[in-house]
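Got the viewer open? Here is a walk through the model, one selection at a time.

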Amino acid sequence: MKHVDIDSMVRGEAQYIDDIPMPSNMLHSAVFSSPVARGKLIKLNTEEAEKFPGVRTVFSAKDIPGENQIGSVIHDEPLFCSEETKHVGDPIALVVADTAEIARKAIKLITCEISELPPIFDPREAYAKNLISGSPEIYVMGDPESMWKNCDAVIEGRVEIGGQEHFYFETQSAISVPTDNGGLKIFSSTQSTSHIQSIASRVLGIPMNKIEVDVVRIGGGFGGKEAQAARWASMTALAAFKLKVPVKLVLNRDEDMKMSGKRHAYSCDYKMGLSKEGKILAYEVFHYQNSGAYSDLSLPVLHKGITHSTSAYYVPNIKVTGASCLTNTTSATAFRGFGSPQAAIVIETALLKASEKLGIQKHELQKKNLLSEEDDMVYGSKIQNVLSLECFDEAVKKYDFPKILKDTENWNKTHQTEKKGAAIFPLCFGVSFDATTFMDQASATVHIYTDGSISVSTAAIEMGQGVNTKIREIVAKTLSVNSSRVKIESTNTTRIANTSATAASSGADLNGNAAILACNNILGRLKLFASKQIGCKPEEIEIQNETVYAKEEKTDWDWNRLIIMTYMNKIGLSAHAFYATPEIFADPKTKKGKLYAYYVFGAAISEVTIDCLRGTYDVHSVKIIHDVGKSLAEKIDLGQVEGAVVQGIGWLTSEEIVHSKDGKILTGNLGGYKLPDIYSAPEVITEFYTGSENRFGPFNSKAIGEPPLLYSISAYFAILNAIKAYNPEMSGTIDAPLTPEKVFLLLHDKQK
Ligand code: MTE
Ligand code: MOS
């Protein structure tokens with residue numbers, strides 16, 4: 001099955017925001033942003049920029065007709081700063097000009113009087129000063145306090161985990177076009193059409209029905225365009241609304257890396273108590289989440305981390321605390337995994353330390369504590385259809401983990417300056433929108449045209465993950481027609497309203513299920529009509545491979561005849577359907593609920609070699625058993641696993657975000673920020689676990705977008721193990737990412 005867009009993408013014909021043909025009166029824009037990390041804004045001087053030839057105007061906070069507010073969860077984020085700037089790159093003004101080049105030149109003519117305030121970059125310092133969003137989230141299960149004394153081993157430590165640049169290929173972009181009713185049509189590179197619509201309506205002070213948002217596809221999002229696309233779209237909306245001409249804004253890479261949010265960095269304290277046999281008895285963890293300047297999606301991210309703080313393990317007594325700490329860097333936001341990868345690293349680090357203390361191999365400890373059926377989960381539900389042990393055992397057996405460990409040990413005995421390491425990681429990832437269960441909804445509109453071709457609109461955004469291909473297959477399968485008959489339309493607020501972001505890996509689940517409902521609705525009408533024509537009961541009619549069967553006998557009604565005759569008999573060939581995930585709920589007061597419709601399981605084994613004289617390393621392979629239920633599209637799912645693993649390895653190895661003392665990003669381009677490339681990508685071997693079913697996913701499928709990112713954690717621990725083979729005195733807690741520089745220091749620093 002080919003990705004629906006593959007031909008046009010390979011030819012470079014697939015359109016992104018910057019490719020959409022526009023009228024020649026379209027204007028271009030560029031953003032002026034704060035040069036300092038924190039300060040009071042005293043005066044903004046735009047006169048010189050406004051006089052620059054080719055500049056039409058400069059917009060700032062004072063020009064906003066509605067609210068200067070784009071915050072999604074907490075309303076703490078202005079579109080343009082007007083009183084205080086909170087990070088280097090915090091937007092202050094928009095220059096609109098004949099070309100983007102002129103707009104960028106004019107930005108240099110803007111000056112700003114700012115009275116600087118002392119910035120804060122450390123989340124723990126922010127916490128100490130009570131600079132947090134909301135209040136600390138505390139979750140307790142069992143009674144960890146009284147357990148410590150019963151434990152044979154208690155270990156404690158700290159983990160520092162860095163952020164990550166999304167590095168979607170298409171940078172943040174939008175075009176707004178005035179429409180003849182005083183409204184706007186917005187083309188945005190966003191994961192959520194309705195979010196753009198509602199924020200633009202708030203900023204302009206006009207009703208949502210005056211704003212149409214359209215997305216054909218986006219060049220990657222990875223969470224970075226779930227909330228944050230709204231800012232750039234709203235800026236073009238403001239300019240187009242005021243100037244009555246189309247306005248475009250496409251950030252260049254440097255601007256995007258400087259101004260847009262990243263994955264959350266975390267600083268965590270943990271304490272774990274175990275029996276001498278290695279059973280976890282109690283676990284306490286504190287997540288200091290670095291939320292950056294604004295709240296954005298930090299609280300939902302924090303929450304997902306909390307509900308994933310036990311990862312794939314059963315912990316009877318637990319206390320998790322999370323605080324979303326406000327600091328003076330770009331506002332961190334959603335990123336593939338949504339807080340769960342950070343949480344998993346913490347408990348894996350604790351298990352590593354516990355294995356040293358107890359003298360039990362880490363993989364044995366891992367296996368001993370894996371979740372089993374009906375175990376209690378954080379938030380009071382019992383986990384069901386658990387496959388933790390099945391996937392773990394299958395990975396151990398299939399990839400012969402005992403042999404990998406033995407070979408590693410032998411190699412390390414005979415090699416002085418090169419050491420190998422291996423590690424296994426078990427995955428358990430909850431699918432649904434966590435505590436924001438209202439987001440678990442979608443709708444679909446299906447039209448069948450008189451020639452038998454089919455048009456499908458849903459809320460899903462195609463961002464490279466293949467959701468359009470999956471929905472096309474779902475529709476073709478449900479109607480039993482050739483998939484070439486099915487066209488997936490752009491995601492548009494006039495066709496599909498009140499969309500949730502395509503996020504939480506649930507795009508294909510939610511929108512696929514809505515599409516099935518819409519198709520079944522039309523199928524019901526088709527079958528009723530056919531049964532009347534043929535002379536049988538509607539339940540005796542089947543459509544298979546574009547042919548009508550009555551009482552299991554082939555008839556001379558094919559798809560085309562059925563459709564045209566249904567139309568001629570004045571029966572509707574369109575349907576709109578709504579789907580909401582059943583059973584899930586969350587009660588924030590009692591902290592009880594079923595937050596996830598289901599879980600995705602798996603296990604990954606990584607093997608690495610490090611060069612102990614240089615600190616460089618090679619992640620050879622990541623071997624995976626992954627539970628995707630019944631895959632909707634195997635090639636796409638394999639691609640999702642491989643992409644996620646490499647993206648995760650980048651985050652945990654070479655991708656390091658560094659700021660200067662005054663908060664300027666020093667890794668704001670590819671000269672300083674090292675993405676994984678084809679040379680550093682490991683061989684990723686994926687086998688799908690075949691024994692699972694999932695009644696919440698279309699045709700028994702399971703979500704796949706985010707979970708495989710966590711397999712990269714096995715590579716991180718494999719590197720750590722290799723370092724330990726060289727320098728056993730190194731302690732277990734170190735910082736992610738494990739850049740070669742850090743690995744070098746760990747190899748040779750006996751203090752650490
Ligand atoms: N794959 C590609 N190629 N590009 C992306 O931007 N985003 C990831 C994942 N896979 C992404 C991707 C993230 S963060 C999510 S939540 C899911 O895709 C969203 O799509 P889905 O719900 O359809 O899986
Ligand atoms: Mo994905 S981080 O839920 O967009």
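**First stop: M272 and its core**

Start by selecting M272. Ignoring neighbours within four places in sequence, M272 is in contact with W148, A153, V154, I155, I280, A282, Y283, I347, A350 and L351. Keep in mind as you click around that this is a predicted model.

Now widen the selection. M272 belongs to the largest nonpolar core, which has 110 residues. Add Y283, I610, Y716, I719, L720 and I723: together with M272, they touch the most other members of that core. Another core lies apart from this one and has 44 residues. To find that second core, pick F433, L510, A515 and A575, which are among its members. As background, nonpolar side chains in soluble globular proteins tend to be buried together.

**Second stop: the domains**

Next, colour the chain by its domain assignment: domain 1 covers 24-118 + 167-259, and domain 2 covers 441-580. Drop a marker on the C-alpha centre of each, and you'll have two points 39 Å apart. The two domains do meet: the contact takes 18 residues from domain 1 and 18 residues from domain 2.

**Third stop: ligand 1**

Where does ligand 1 lie relative to domain 1 and domain 2? Both domains give residues to the shell around ligand 1, so the ligand lies between them.

Show that shell and you'll get 19 residues, with G221, F222, M463, G507 and Q640 the closest. Colour the shell by residue class, and it divides into six nonpolar, eleven polar and two charged.

Then zoom in on a few polar atom pairs:

- G221: a backbone N or O atom sits 2.7 Å from an oxygen atom of ligand 1.
- Q465: an N or O atom in the side chain is 3.0 Å from an oxygen atom of ligand 1.
- Q640: here the partner is a nitrogen atom of ligand 1, 2.7 Å from a side-chain N or O atom.

Before you leave, put a surface on the ligand. How much of ligand 1 does the protein bury? Taken alone, ligand 1 exposes 520 Å², and the protein buries 91% of that.

Notes
Residues are numbered from 1 along each chain as its sequence is written. Chains are lettered from A and ligands numbered from 1 in the order in which they are written. This is a predicted model: local features need pLDDT of at least 70, side-chain atom pairs count only at pLDDT 80 or more; totals for chains, interfaces and linings use all residues. Side-chain values use heavy atoms; hydrogens and water are left out. A residue is near a molecule or strand if one of its heavy atoms lies within 4 Å of it. A polar contact is a pair of N or O atoms within 3.5 Å; within protein, one must be able to donate a hydrogen and the other to accept it, and residues adjacent in sequence count only if both atoms are side-chain atoms. Accessible areas come from the Shrake-Rupley method with a 1.4 Å probe; for residues, only the protein chains shown count as cover. Ala, Val, Leu, Ile, Met, Phe, Trp, Tyr, Cys and Pro count as nonpolar, Asp, Glu, Lys and Arg as charged, and the others, Gly among them, as polar. Domain bounds come from an automatic or database domain assignment. A nonpolar core is a set of buried Ala, Val, Leu, Ile, Met, Phe, Trp, Tyr and Cys residues joined through side-chain atoms within 4.5 Å. Buried means under 20% relative accessible area, exposed over 50%, partly exposed in between (1.4 Å probe, protein chains only). Contact means heavy atoms within 4.5 Å.
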